[in-house]
Amino acid sequence: MISANNVTLRIGKKALFEDVNIKFTEGNCYGLIGANGAGKSTFLKILNGQLEPSSGDVTITPGQRLSFLQQDHFKYDEYPVLDTVIMGNQRLYDIMKEKDAIYMKEDFSDEDGIRASELEAEFAEMDGWNAESDAATLLNGLGIPTEEHYTIMGELNGSLKVKVLLAQALFGNPDILLLDEPTNNLDLDAIGWLEEFLINFENTVIVVSHDRYFLNKVCTHIADIDYGKIQLYAGNYDFWYESSQLLIKQMKEANKKKEEKIKELQEFISRFSANASKSKQATSRKKALEKIELDEIKPSSRKYPYIDFRPEREIGNEVLEVEGLSKTIDGEKILNNISFIVGHDDKIAFVGGNERAKTILFQILAGEMEPDEGTYKWGVTTSQSYFPKDNTKIFDTDLQIADWLTQYSEIKDATYVRGFLGRMLFPGDAGVKKMRVLSGGEKVRVLLSRMMIENSNVLIFDEPTDHLDMESITALNNGLIKFPGVILFASRDHQVVQTTANRIIEILPDGTTVDKTTTYDEYLESDEMARKRQVYTVEDNED
C-alpha cells in the first residue's frame, strides 16, 4: 500500500494540491486523471520520491518495492537493452554485476567465496536465474524482437526506447507500479499487450493516461484531480464520468429547489413582515431562510475545445483510387504494391505495427512524397486537409498564431480568426503567441484549427491525439464521428478508431495490406486477422 497524508504542494503562492489524503491499495489499478496542468505527473513524482511536498508525507508498506516509468530517454544509452530492463529491480541487477566481478577475479579468495555464496542465496531468492528470460518475455510482448535485446540503448530509435523503459518498469513484479503515459509511442498491438498485463497484475498500479479505452480496460478506480483536491471513485473511466456528471446534476437540481424555496420565503417575508397577525410566521420564515445554504458548485478546471469539421462542398462518388503504390527507403520495402479505392462514405483507419508505412502513405497521398511505383488519383470534387505526424517544419516560423491561421481562411477578418481561436482554447491575447513557442498540445490544436477553417471534405490524420489532453481528445473524437466527409487516419487511441472507422486497412510487416469493411473491434476478433498475425509473428521470429 502507498498513501499520501495531508500532502500540500505550493508553487510560489499557488497551491497545486492542498491537504490531499488518499490510499492506494493492493490488487487495484488507479487511473489518475485531470486537466492539463492539474498536476498528475507532479503527484506521481511526489509518490515516487522525486519531488518533496511542501507539507505532508508519503508512506509505503515496509518491504515493498516501488517501480516507475522513467521519463529520461537517454539515461541508459550506454547499457544493453536487456540490462536496462533488469535494472528495473536495481538490487537484483547489482547482485548480478557483483557476482560476475567476483567470479572474474584471478586471485579468488576465501572471503570472495563466502561473499559469492551470500549473493547466490539472495539471487536465487529473488528468482534471479529467470531474470533474463523474464526480461526477454516483456520485450517480446511489447514488440521488440529478440535480435534487439543485446543492442546498446543509444542505438535505438525513440519509440523502441520507450518500450524498453516500460519493460523496465514492469520487470520483477514490483509491489507498487507508477506509470506516466505508458501508451505514448506504443502501437495498438503493444497497447493491447500492456492492457492484458495490467489486468492480470495483482499488485498496486497508479497510471496517468489520456487513452479513455485503456483506462476503461485496466482501471478499478479513478482518482480525479480537480480544485486542488483528489477525489477517489470506484470503477473505470466511463463510470467516473457518469458518476461525476450525475453528482453535478443532483447538486444543480438541489440548488434549484433551494432557490425556489428561498424565493417563496422571501416573498412571504416581504408581504407579511409588517403585518402584526403574521409577524411570528414571518420571523419563523426568516430563521428558515437563514438556514438554507446552496451547494457550492465550483467550475471545473477541465476545458473542452470546440471541434467541428464542416466541408464546404459535398463529396462525389469518386474520391480516391490507389493503384500499385510501392515505396522503398534505405533498402527497406515500406509499401509493397498497395491498391485500394475509397468510397464517399468511408472513414478508414490504417492500423498495424509499421507506423512508418502509414506515415509514408499519408505523405504520398498529401503530395509531399513521390511513390517509386504506382499511381493515386483524387476525385475532382474532393479537397484534402492533412494533419502530419511530424509538424516541426510547420512551426519553424516567427508568425503569430492568428496571422498564420489567417492564411488558410477565406474570411481574412482578424475578429473572425480570433473568435475561431477562442473556441480552440486560445482566448484573448493568446492569438498573438508566436508559432515556434507553442507547447505540443497547442500545436495540435492549431493544426486542427487549420483543418476546420479549410472546410475540406477529405481529412487525413496521422496520430492526431498525440500531445492532447483527455478533453481535447474527446472533442476531436466527437468531431470525427459527426464529420459527413471522408476520413483516412491512423491513431493509437483505441476508442477513436473504434467509434470513427467503418473500414480497416492493416499494413502488414511486408508492406502489403489487409482491407476489411468492419469496425476495429470486429476486425481484431476476426479469424483472418488472428491467422495473419500468427503467420507474420512466426516469420519474424524465424528471421
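1. Helix α1 and helix α14 (440-454) each contribute at least two residues to the lining of the second largest pocket, helices being DSSP runs of H or I with at least four residues and strands DSSP runs of E with at least two, numbered from the N terminus. A pocket, on a 1 Å grid over the protein atoms alone, is an open set of points with protein on both sides within 12 Å along at least five of seven lines, and its lining residues have an atom within 4 Å of a point. The space in this second largest pocket is about 740 Å³, a volume being what is filled by probe spheres set on grid points joined across faces, edges and corners. It is lined by 34 residues, of which N184, T465, D466, H467 and L468 are the closest to its centre. By residue class, the lining of the second largest pocket comprises eight nonpolar, 15 polar and 11 charged residues; Ala, Val, Leu, Ile, Met, Phe, Trp, Tyr, Cys and Pro count as nonpolar, Asp, Glu, Lys and Arg as charged, and the others, Gly among them, as polar.

2. The model is predicted, so that local features need pLDDT of at least 70 and side-chain atom pairs count only at pLDDT 80 or more, while totals for chains, interfaces and linings use all residues. Residues are numbered from 1 along each chain as its sequence is written, and side-chain values use heavy atoms, with hydrogens and water left out.

3. For the chain as a whole, the assignment gives 18 helices and 18 strands, and the C-alpha trace spans about 110 × 75 × 50 Å along its principal axes. Of the 543 residues, 47% are buried, that is, under 20% relative accessible area, with exposed meaning over 50% and partly exposed in between (1.4 Å probe, protein chains only). About 27100 Å² of the protein chain is exposed, and carbon and sulfur atoms supply 47% of that area (Shrake-Rupley method, 1.4 Å probe). Where contacts (heavy atoms within 4.5 Å) link residues at least 6 apart in sequence, 67% of them join residues at least 24 apart.

4. Helix α1, already met in the pocket lining, covers residues 40-47, and K40, F43, L44, I46 and L47 are buried in it. These buried residues fall within an arc of 155 degrees when seen down the axis of α1, so they line one face of the helix; the arc is taken over the directions from the helix axis to the C-beta atoms. Just after α1 comes G49, whose phi is positive at about 85 degrees.

5. Three cavities of 30 Å³ or more are counted, a cavity being a set of grid points where a 1.4 Å probe fits but cannot get out. The largest cavity holds about 50 Å³ of space, and D187, L188, F350, V351, G352, E355, K358, E463, S491 and R492 line it. Strand β12 (347-351) and helix α11 (355-365) each supply at least two of these lining residues. The lining of the largest cavity divides into three nonpolar, two polar and five charged residues.

6. Two helix residues deserve a look in the viewer. K99, in helix α3 (residues 90-103), is a lysine that counts as buried at 7% relative accessibility; leaving out residues up to four places away in sequence, K99 touches L119, E120, F123 and W129. F272 lies in helix α9 (residues 237-272) and is likewise buried, with a relative accessible area of 16%. With the same exclusion of residues up to four places away, F272 touches K278, S279 and A282, and its C-alpha atom is separated by 9.7 Å from that of T283, which is 11 residues away along the chain.

7. Two residues other than glycine with positive phi should be checked. E181 has phi near 50 degrees and sits in the loop between β6 (176-180) and α7 (188-199), where E181 counts as buried at 15% relative accessibility. D330 has phi near 55 degrees and sits in the loop between β10 (320-329) and β11 (332-342), but D330 counts as exposed, at 78% relative accessibility.

8. A further loop residue is T518, placed between β18 (513-516) and α17 (520-525). At 13% relative accessibility T518 counts as buried, and, apart from neighbours within four places in sequence, T518 is in contact with A501, N502, R503, I504 and Y523.
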